[in-house]
Amino acid sequence: MSSNVTDGRRARGDITRRTAARKAAEIATTHGLDSITVGSLATATGLSKSGILTVFGNREAIQVAAVAEARQIYIETVIAPAWREAPGRPRLRALLDCWVDYLRAEVFPGGCFIVASTAEYGRRDGPVADGVRALKREWLDLLESELAVAGSAAPAQDAFRIDAFLCVGNTRRELFGDDDELDRAHALASEIIG
């Protein structure tokens with residue numbers, strides 16, 4: 001078999017993987033990770049069931065890939081733009097701004113992937129729950145680290161409070177369809193930063 005054929009298959013597999021993982025992450029924000037099936041994903045993406053199964057192997061692998069894709073999107077839309085700012089307060093303010101922009105842009109149709117998946121997988125075990133837990137821990141660690149640089153006397157407590165305001169802002173926005181909830185969450189979290 002020529003390397004061109006292998007490279008073509010690999011490229012098609014990569015496109016299938018990324019397309020399916022992205023759509024699965026989107027579905028997860030409105031219907032939960034548990035709602036994802038090979039059939040519903042094939043319908044939503046226009047990909048074949050066999051193509052999806054060839055790339056992922058099983059439903060759990062799709063769910064794990066959805067978490068990984070959501071993480072990558074979160075890094076690209078929330079964290080990377082804020083990273084241009086100086087560590088500490090400037091970066092924390094930029095993270096809050098980018099987080100609100102991420103929700104207003106409706107990157108995911110059901111709001112913040114982290115908020116949606118954390119509620120769904122909070123008390124579970126297994127690879128999907130581990131991925132969700134790691135994603136949340138990574139966000140909290142980032143907040144704590146930047147708060148420590150900013151001179152917070154209690155970075156873990158302040159990170160908890162910021163995260164709580166953002167989670168509630170997301171939940172209330174999704175529930176009531178009101179962007180004012182994001183503004184309120186942003187303002188309250190900003191007070192913690194100082």
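Is Arg71 buried, partly exposed or exposed, and at what relative accessibility? Arg71 counts as partly exposed, at 33% relative accessibility. The tour returns to this residue below. Keep in mind that this is a predicted model.

**Whole chain.** Show the protein as a cartoon. You should find 9 helices and 0 strands. The C-alpha trace spans about 60 × 40 × 30 Å along its principal axes. Of the 194 residues, 42% are buried.

**Residues 88–187.** Select this span next. An unreviewed UniProt entry lists these residues as "domain: Tetracyclin repressor-like C-terminal". The span is 78% helix and 0% strand, and its end C-alpha atoms lie 17 Å apart.

**Glu69 and Arg18.** Show both side chains. They form a salt bridge, with the closest N and O atoms 2.6 Å apart. Glu69 sits in helix α4 (residues 59–82) and Arg18 in helix α1 (residues 3–31), so the pair links parts of the chain 51 residues apart. Glu69 is buried, at 8% relative accessible area, whereas Arg18 is partly exposed, at 43%.

**Arg71 and Glu138.** Stay on helix α4 and select Arg71, then add Glu138. Their salt bridge has its closest N and O atoms 2.7 Å apart. Glu138 belongs to helix α7 (residues 127–149), and 67 residues separate the two partners. Glu138 is partly exposed, at 35% relative accessibility.

**Asp179 and Arg173.** Here the closest N and O atoms of the salt bridge are 2.5 Å apart. Asp179 is partly exposed at 29%, while Arg173 is buried at 9%. Now add Arg104, Glu106, Glu174 and Asp183: salt bridges with shared partners join these residues, Arg173 and Asp179 into one network.

**Last step.** Search the whole structure for salt bridges; there are 18.

Key: Residues numbered from 1 in each chain as written. Predicted model: local features only at pLDDT ≥ 70, side-chain atom pairs only at ≥ 80, totals over all residues. Heavy atoms only, no water. Helix = DSSP H or I, 4+ residues; strand = E, 2+ residues; numbered from the N terminus. Buried < 20%, exposed > 50% of the residue type's maximum accessible area, 1.4 Å probe, protein only. UniProt positions renumbered as here; feature names shortened; annotations may be inferred. Salt bridge = Lys/Arg side-chain N within 4 Å of Asp/Glu carboxyl O.
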